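Let us walk through this model from one strand outwards. Keep the coordinates open as you read.

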Amino acid sequence: MSSSTVANQVRASHILIKHQGSRRKASWKDPEGRVISATTRDSAVSQLKLLRDDIVSGKAKFDDIASRYSDCSSAKRGGDLGPFGRGQMQKPFEDATYSLKVGEISDIVDTDSGVHIILRTG
């Protein structure tokens, strides 16, 4: 990889909560999709806001919460998605990640996958 490609990349971790409107209604913790199919977007957002509050207040660590609650397979890595560049993630997710400073946590971000909070790590 050229150094300019690496320079244009970001690194982030996230917590994904899927809901009825998500494009794939299954996850590592809900393989049948029963919970996801019964979860409204509003309840997914409410759950994510509570989790975000716990992280921001210092009650909980981002990677611990991601490991336990995220519907993404990155939960096994504490939510870490590794480095990525423009065009590799869904547009709202990419835009939110690039607008954060390293160490900042996003507000709720909506994508076709569900609702996320993102921690920019690099």
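**From strand to core**

Start with β1, which is mostly covered: of its eight residues, seven are buried. Bear in mind that this is a predicted model.

What does β1 pair with? One partner is β2, running antiparallel to β1 and joined to it by three bridges. Across from Asp-80 of β2 stands Ser-13. The other pairing to follow is with β4, again antiparallel, over six bridges. Here Leu-16 has His-116 of β4 as its bridge partner. In a regular strand, side chains alternate between the two faces of the sheet.

Now turn to the nonpolar packing. The largest nonpolar core has 14 residues. Which of them touch the most other members? They are Ile-15, Ile-17, Leu-48 and Phe-62. Four elements each supply at least two residues of this core: β1 (10-17), α3 (41-56), α4 (62-69) and β4 (114-120). The largest share comes from α3, with five residues.

Ile-17 shows how these parts meet. Setting aside residues up to four places away in sequence, Ile-17 touches Ala-44, Gln-47, Leu-48 and Leu-51. Its list also holds Tyr-69, Asp-71, Gly-114 and Val-115.

There is a second, separate core, made of nine residues. Among them are Phe-84, Phe-93, Leu-100 and Val-109.

Phe-93 leads to helix α5, residues 91-99. Which residues of α5 are buried? They are Phe-93, Glu-94, Ala-96, Thr-97 and Tyr-98. The cover over these buried residues includes β1, β2 (80-84), β3 (109-111) and β4.

Return now to His-116, in strand β4. Is His-116 buried or exposed? It counts as buried because its relative accessibility is 4%, and the cut-off for buried is under 20%. The side chain has polar company. One polar contact, at 3.0 Å, links the side chain of His-116 to that of His-14. Another, at 2.8 Å, reaches the side chain of Thr-111.

The wider surroundings of His-116 tie several of these threads together. Leaving out neighbours within four places in sequence, His-116 is in contact with His-14, Ile-15 and Leu-16. Leu-48 and Phe-93 are also in contact with His-116. So are Ser-106, Asp-107, Ile-108, Val-109 and Thr-111. Of these contacts, Ile-15 and Leu-48 belong to the largest core, whereas Phe-93 and Val-109 belong to the second.

Definitions and conventions: Residues numbered from 1 in each chain as written. Predicted model: local features only at pLDDT ≥ 70, side-chain atom pairs only at ≥ 80, totals over all residues. Heavy atoms only, no water. Core = buried A, V, L, I, M, F, W, Y, C linked by side-chain atoms within 4.5 Å. Buried < 20%, exposed > 50% of the residue type's maximum accessible area, 1.4 Å probe, protein only. Contact = heavy atoms within 4.5 Å. Polar contact = N/O pair within 3.5 Å; in protein donor to acceptor, adjacent residues only side chain to side chain. Pairing = 2+ DSSP bridges.
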